[in-house]
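Here is a short, friendly tour of a fold, put together with a computational chemist in mind. Have a look at the model first, and then we can walk through the sheet, the helices and the core.

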Amino acid sequence: MAGGIADGDDDITGINVTPLVDVMLVLLIIFMVTANYIVNQSIAVNLPKAETADTKAPSKNMAFTLDAKGGLFLDGQPITFEEIKDKITAFKKDEPSASVNAIIAADQTTPHGQVVKLIDTVRKHGITDFAINVEAAPSSP
């Protein structure tokens with residue numbers, strides 16, 4: 001018989017799942033990206049009014065670092081004391097209503113005078129709120 005009956009040798013013995021996995025990964029990525037937008041837009045909240053609500057402007061932080069070699073960095077980028085005024089001015093222009101805070105981290109071998117000079121320079125150019133960054137010491141039993 002030369003016609004239409006196939007031998008059992010050409011049967012499909014397995015299913016290739018690679019295209020199915022590819023499609024599912026693409027769908028998963030699309031779902032993960034759009035899930036935040038769907039949730040945020042679907043919850044309608046009408047907040048109550050209060051006369052004593054905190055209406056302070058948001059604050060922004062500038063991270064200054066003095067390393068052991070005397071180098072000064074702003075947000076990880078090297079700067080000089082002379083450039084601080086320009087950096088603060090540019091930082092304040094981005095969001096004028098926000099209060100600007102300085103976070104100062106200095107290596108423990110940095111001379112005290114350098115830290116005071118940095119605090120003085122920052123305060124001269126309009127940042128009155130600052131914090132000194134320290135590492136927590138292990139507590140003794």
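**Sheet, helices and core**

Strands S2 and S3 run antiparallel and are joined by three bridges; two strands count as paired if DSSP finds at least two bridges between them. Helices (H or I, at least four residues) and strands (E, at least two) are DSSP runs, numbered from the N terminus. This is a predicted model, where local features need pLDDT of at least 70, side-chain atom pairs count only at pLDDT 80 or more, and totals for chains, interfaces and linings use all residues. Residues are numbered from 1 along each chain as its sequence is written, and side-chain values use heavy atoms, leaving out hydrogens and water.

**Sheet**
- Phe 73 has Pro 78 in S3 as its bridge partner.
- The open sheet has five strands in the order S3-S2-S1-S4-S5, with mixed pairing.
- Strand S3 (77–79) and S5 are the edges, each with a single partner strand, so one side of each lacks a neighbour in the sheet.

**Crossover**
- S4 (residues 99–106) and S5 (residues 129–133) run parallel, joined by five bridges.
- Ile 104 stands opposite Ile 132 in S5.

**Core**
- The largest nonpolar core (buried Ala, Val, Leu, Ile, Met, Phe, Trp, Tyr and Cys residues joined through side-chain atoms within 4.5 Å; buried means under 20% relative accessible area, with a 1.4 Å probe and protein chains only) has 18 residues.
- H3 gives the most to this core, with four residues.

Notes
Buried < 20%, exposed > 50% of the residue type's maximum accessible area, 1.4 Å probe, protein only.
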